[in-house]
Amino acid sequence: MARTQKRSANRGKAVRRVGRLHLKVADQQADFLHKTTTRLAGSKRAIAVETLNVTGMLINRRLARAILDLGFGEFFRQLANKGPGTAHRHGRPTAGTRCRNCAASAAWSTPA
């Protein structure tokens with residue numbers, strides 16, 4: 001589109017072409033989220049999701065777009081809707097604390 005003249009017929013075609021590409025990518029992302037959450041909700045009895053500091057992760061400008069494309073909020077929303085009572089958020093437990101929903105200890109979220 002950057003190489004076309006404004007208000008020309010070819011620019012209109014380019015705008016429609018780019019719009020179709022954006023729609024295709026959005027559909028692929030939504031399809032992946034639906035398939036993944038359906039598979040997880042159907043195969044697991046309990047699913048724990050750790051709360052992430054997404055705002056802090058967006059400080060890294062090289063990864064910001066990729067992080068936003070993941071759609072953490074939509075993933076958790078779909079997971080909670082598809083598996084009633086199976087998914088809940090884990091906060092950031094400190095040493096010696098337990099999750100109030102499932103009694104998972106802080107060692108659960110500590111990387112090995």
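## A guided tour, beginning at Glu-74

Select Glu-74 to begin: with a relative accessible area of 31%, this residue counts as partly exposed. The structure on display is a predicted model, and the tour proceeds from this residue to its partner, then to the pocket, the surface and the rest of the chain.

**Stop 1: the partner of Glu-74.** Add Arg-77 to the selection and display both side chains. Glu-74 and Arg-77 form a salt bridge, with N and O 2.7 Å apart. Both residues belong to helix α4, which covers residues 72–82, and they stand three residues apart there, about one helical turn. Arg-77 is likewise partly exposed, its relative accessibility being 42%.

**Stop 2: the largest pocket.** Keep Glu-74 selected, for this residue is also one of those lining the largest pocket. Now add the others: Gln-29, Phe-32, Leu-33, Thr-36, Asp-69, Leu-70, Gly-71, Phe-72 and Phe-75 complete the lining. Two or more of the lining residues come from each of the helices α1, α3 (64–70) and α4. Which element gives the largest share of the lining? Helix α1 does, with four residues. Colouring the selection by residue class shows five nonpolar, three polar and two charged residues in the lining. The pocket itself has a volume of about 200 Å³.

**Stop 3: from the pocket lining to Leu-79.** Leave Thr-36, a lining residue, in view and select Leu-79 in helix α4. Is Leu-79 buried or exposed? Leu-79 is buried, since its relative accessible area is 1%, and the limit for a buried residue is under 20%. Draw a distance between the C-alpha atoms of Leu-79 and Thr-36: the two residues are 43 positions apart along the chain, and these atoms are separated by 9.0 Å.

**Stop 4: a nonpolar patch on the surface.** Return to Leu-70 and Phe-72, two residues already met in the pocket lining, and add Leu-52 and Met-57. Together these four residues form a nonpolar surface patch with about 330 Å² of accessible area. Within the patch, pick out Met-57, which is located in helix α2, residues 54–57. Met-57 counts as partly exposed, its relative accessible area being 31%.

**Stop 5: a second charged pair.** How many salt bridges are counted in this model? The count comes to two. The pair of Glu-74 and Arg-77 has been visited; for the other, select Lys-35 and Asp-31, whose closest N and O atoms are 3.2 Å apart. Both residues sit in helix α1, which covers residues 9–43, with their positions four residues apart in number, about one turn of the helix. Lys-35 is exposed, at 55% relative accessible area, whereas Asp-31 is partly exposed, at 37%.

**Stop 6: Arg-17 and Met-1.** Stay on helix α1 and select Arg-17. Arg-17 is partly exposed, with a relative accessible area of 47%. Then add Met-1: the two residues are 16 apart in sequence, and their C-alpha atoms lie 9.5 Å apart in space.

**Last stop: the whole chain.** Clear the selection and switch to a cartoon view. The protein chain has four helices and two strands. Followed along the sequence, these elements come in the order α-β-α-α-α-β. Of the 112 residues in the chain, 18% count as buried; Leu-79, visited earlier, is buried.

Conventions
Residues numbered from 1 in each chain as written. Predicted model: local features only at pLDDT ≥ 70, side-chain atom pairs only at ≥ 80, totals over all residues. Heavy atoms only, no water. Patch = residues over 30% accessible without salt bridge, like charges linked within 9 Å, V, L, I, M, F, W, Y side chains within 5 Å. Areas by Shrake-Rupley, 256 points an atom, 1.4 Å probe, with all protein chains shown as cover. Buried < 20%, exposed > 50% of the residue type's maximum accessible area, 1.4 Å probe, protein only. 1 Å grid on protein atoms, 1.4 Å probe; cavity = no way out; pocket = protein on both sides within 12 Å on 5 of 7 lines; lining within 4 Å. Points joined across faces, edges and corners; volume = space filled by probe spheres on them. Nonpolar A, V, L, I, M, F, W, Y, C, P; charged D, E, K, R; others polar.
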